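Welcome, and thanks for taking a look at this one with us. Below is a short briefing, grouped by topic, to read alongside the sequence and the model.

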Amino acid sequence: MCNYSDIIQAVRRLSKGEEAGPDISDILYRHRCNYLLSLTKDKKYLKTLAYEKFLSKMAVKERYKALTPFFENTDINYAVIKGAVLSLCAYNDPYLRVSGDIDILIDKKDSDKIKKELKALGFIQGRVTDRGIIPFSREEILFQTSMTHQTAPYVKETGNRLCPYVNIDINTDIMWGESRKKTDMTVFLQYSTVIQINDFIVKKLLPEAEFISLCMHHYKDFNSLYLLSKRGFCLGQYCDIYFYLKNMKPSVSRLQALSEQLKVGEYIYYCLYYTDLIFDDEDIKLYLLAFKKDKDETLLSSFGLCEDERKRWECGFFERIFSHDVNELLKDKLTQHDLEKIQINQILM
Amino acid sequence: MQENRYKDKIISLLAEACQTEIQKIESTDEHESLTSTGLTSISFISFIVRLEEEFGIEINDSDLVFEKFETLDALYKTLSSYISLENTSEIKKCLILDCDNVLWKGIAGEEPTLIDEDVLKLHLLLSELYNKGIILCLCSKSKPEFIDDAFKNQDMKTDRSIFATAKINRADKTSNIQDIISELNIGKGSVVFVDDSDYELGYISASMPEIYTIKADWSDISFIEEIKAQFSDTPHSELNRAELYREQKEREKEKKLYITVDEYNKSLKTLTDCREAKEYDIPRVSELSVRTNQFNLSDAHFSEDEIKSFFDSPDSRIVILSASDKYGDMGIVGAAVTRGNIIEAFMLSCRVFDRGFEYILLDKLKSLSPEPLKGKFRNNLKNTALADFYSKNGIEVI
């Protein structure tokens, strides 16, 4: 299947609990839409999905087990975001949405404290290689900590051969490194509650804050020059937004108020707009209507995470999200400076 | 703000990182953004690395924000919690000690060594300095086995492991200290050297005047306070430098365990099979070409039908490389397609980078081609690092 319209119609049917019609399983798998794929009941992918879920469950358990002393004892204000928490909230299943790490959101001021606590639990900042964990160089740590809103990832061996390592990403803002806008995380993290993942009780954000954090993260992925050139688009991320809204039903008024306070309305609108373009859903349209005043045409028609690097897309939305090679679409748009930035990210991230 | 040598040093490091003139930084208003002098994300990282090296500090994660270093005013404010900017003496970060009559009383190997209350005061200080992040090193003309025995003294309270490095040999101390400085990549001015011999101290002072020397004289233990005073301005570092340097040495040692890719692969009991593809390999070769971007030299992405057409064509050849190791069978991880003597496609799964498989595949192609090979290279932004792969391996790039 190569007709975008057919794909989208099939996705819409699936999302409404109907038969997909034409075979779109390969596309769904490639775009990491595990939930929709599970709805197709395509025998070709049943085993794959079951196996991925088995591994995902084991990985989630290992991650939470490794962090239990932190979750139980820390006085750092934190929230677990994305990963199993998002999977549970959006798809009612903590293991369906496969992720490679556990993301924890904290205030930047607590980054030294969490470093100490994680190191005490045996985590080190490094990368997993064929030869085990190799600690990051100071340059790599500095780059990741100062140029992004994440610290360099923490890794620990588990002793489980099927899931030998646990990775943790510490996020210190919901904005991206390129932005001058900073979120008051002390305030943002007040919007938190607790959730049970398997046997573990952890802190997570309340739905409105969680939805904003999700949109900001996915907006970054849809617009970062480096991430676009590295991974392209992923339909699964629009599924996250769609099914989160459908399942968690964040309050429209509270969502509006919080996004106004954080001055992120235009990014929320962006995510809602394109999610609706895919799913064409009445519930999304209600949220869209509420965020109408935040519509930013420039943002909608371009990519890049800041004014300096923003560029206009020359192709349609579906063409770019289903493109096999986004770099083809980017190559004439990127300046020498952009290419250098991408290269630096490739080396240091 | 009052000028001093720390600020001069900071400006000089900044100029070095930004690759600009010191005067340009000096003439920048303290509240003006340093981006105009060349402070970018990369020069920022270089600056912080040099700053940490030079002052023996580690900038906290919470301070690693570009804005906190974006103007001279901001960076002085940020650094003021790490460095006493009004202080004019150089920060000390390394203490090198002689052993005999310093770490103990007596000469190891010749007489019983004595660790009494006075010596324990020094050991207590060493422990404090170690915990503060000071790098402790040994430099002695004794024999290693004598020193090892002395550390086994039942009264010894200091663990040998707190010393990041030790030079125990007959070489002159200047050379040994120079080696330590090079190994640790620190400045001479950040070193304090303690010895009981006036000769050695004089020699070091003459050859390396930047090094602060202290005579260990057990008849007057005020020298312990003198050592302590030298490190009083050194900020406490969360980083355990001695540990860090030792870990780095272990890593280097680990690297040396596998000098070549061959040796490493052997340790993994890696087996490879490089052969011409059979018809049943076609789907996997197509999949590899579709999924591979980084080590895909011609940026070729072939459907199964296209691979099949190569397979059926008499002047084309598809060569595949499969691999397995002690962890399991990896299946087909590399493939190349040739048409005549032209390498149309050459790809390797990113799972197996740095294992030397590309050379096995290339050697196989060379052995199968009666004529010198030519290779197609098409930049796809992700394979840039491999642009010279063919030329480095004697293949003409087309």
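## Strand pairing in chain A

Within β5(A), A:Y154 is the bridge partner of A:Q125. The model you are looking at is predicted, so please read the points below in that light. From this strand pair, the tour moves on to a helix, some aromatic rings, a surface patch and the salt bridges.

**Strands β3, β4 and β5**

- Strand β3 (residues 124-129) of chain A pairs with strand β5 (residues 154-157) of chain A in the antiparallel sense, over 2 bridges.
- Strand β3(A) is also joined to strand β4 (residues 132-135) of chain A by 4 bridges, and these two strands run antiparallel.
- The connection from β3(A) to β4(A) is a hairpin through 2 residues.
- On the β4(A) side, A:G132 is the bridge partner of A:T129.
- As a general reminder, side chains in a regular strand alternate between the two faces of the sheet.

**Helix α13 of chain A**

- Does the length of helix α13 (residues 265-279) of chain A agree or disagree with what its residue count leads you to expect? At 1.5 Å a residue, its 15 residues should span 21 Å, and the end C-alpha atoms are 21 Å apart, which agrees.
- Of the 15 residues of α13(A), 12 are buried, so this helix is largely enclosed by the rest of the structure.
- The buried residues of α13(A) include A:G265, A:I268, A:C271, A:L272, A:D276 and A:F279.
- Just after α13(A) comes A:D280, which has a positive phi, near 45 degrees.

**Aromatic pairs**

- Over all chains, the structure holds 42 aromatic pairs.
- One of them is formed by A:F233 and A:W313: the ring centres are 5.8 Å apart and the planes lie at 50 degrees, so the pair is tilted.
- This pair links distant parts of the chain, 80 residues apart: A:F233 is in the loop between α10 (225-231) and α11 (235-248) of chain A, while A:W313 is in the loop between β10 (311-312) and α16 (317-321) of chain A.
- Both A:F233 and A:W313 are buried.
- A:Y269 and A:Y273 form a stacked aromatic pair, with 6.1 Å centre to centre and 25 degrees between the planes.
- Both A:Y269 and A:Y273 belong to helix α13 of chain A, where they are 4 residues apart, about one turn of the helix.
- A:Y269 is buried, with a relative accessible area of 7%, whereas A:Y273 is partly exposed, with a relative accessible area of 27%.

**A nonpolar patch and a long-range approach**

- A:Y51, A:F54 and A:L162 make a nonpolar surface patch of about 340 Å².
- Within that patch, A:F54 sits in helix α4 (residues 43-73) of chain A and is partly exposed, with a relative accessible area of 44%.
- A:Y191 lies in the loop between α8 (185-188) and β7 (192-197) of chain A, and at 29% relative accessibility A:Y191 counts as partly exposed.
- The C-alpha atoms of A:Y191 and A:A79 are separated by 9.3 Å, although these residues are 112 residues apart along the chain.

**Salt bridges within and between chains**

- A search of the whole structure finds 50 salt bridges over all chains.
- In one of these, the side chains of A:R97 and A:D240 meet at 2.9 Å, N to O.
- A:R97 is in the loop between α5 (83-91) and β2 (102-106) of chain A and A:D240 is in helix α11 of chain A, so the pair ties together parts that are 143 residues apart in sequence.
- Are these two partners buried or exposed? A:R97 counts as buried at 18% relative accessibility, and A:D240 counts as buried at 3%.
- A:K182 and B:E67 form a salt bridge through their side chains (3.6 Å, N to O).
- That pair crosses between chains, from A:K182 in the loop between β6 (165-171) and α8 of chain A to B:E67 in the loop between α3 (41-55) and α4 (72-79) of chain B.
- A:K182 is partly exposed, with a relative accessible area of 42%, and B:E67 is partly exposed, with a relative accessible area of 29%.
- In chain B, B:D63 forms a salt bridge with B:K68, and their closest N and O atoms are 2.8 Å apart.
- B:D63 is buried at 12% relative accessible area, while B:K68 is partly exposed at 31%.
- A:K115, A:R138, B:E52, B:E58 and B:D61 are joined into one network by salt bridges that share partners.

Conventions
Residues are numbered from 1 along each chain as its sequence is written. Chains are lettered from A and ligands numbered from 1 in the order in which they are written. This is a predicted model: local features need pLDDT of at least 70, side-chain atom pairs count only at pLDDT 80 or more; totals for chains, interfaces and linings use all residues. Side-chain values use heavy atoms; hydrogens and water are left out. The expected span of a helix is 1.5 Å times one less than its number of residues. Buried means under 20% relative accessible area, exposed over 50%, partly exposed in between (1.4 Å probe, protein chains only). Patches are made of residues with over 30% relative accessible area and no salt bridge: like charges are joined within 9 Å, nonpolar side chains (Val, Leu, Ile, Met, Phe, Trp, Tyr) within 5 Å. Accessible areas come from the Shrake-Rupley method with a 1.4 Å probe; for residues, only the protein chains shown count as cover. A salt bridge is a side-chain nitrogen of Lys or Arg within 4 Å of a carboxyl oxygen of Asp or Glu. Two strands pair if DSSP finds at least two bridges between them. Rings of Phe, Tyr and Trp (its six-membered ring) pair if their centres lie within 6.5 Å; planes under 30 degrees apart count as stacked, over 60 as edge-to-face and the rest as tilted.
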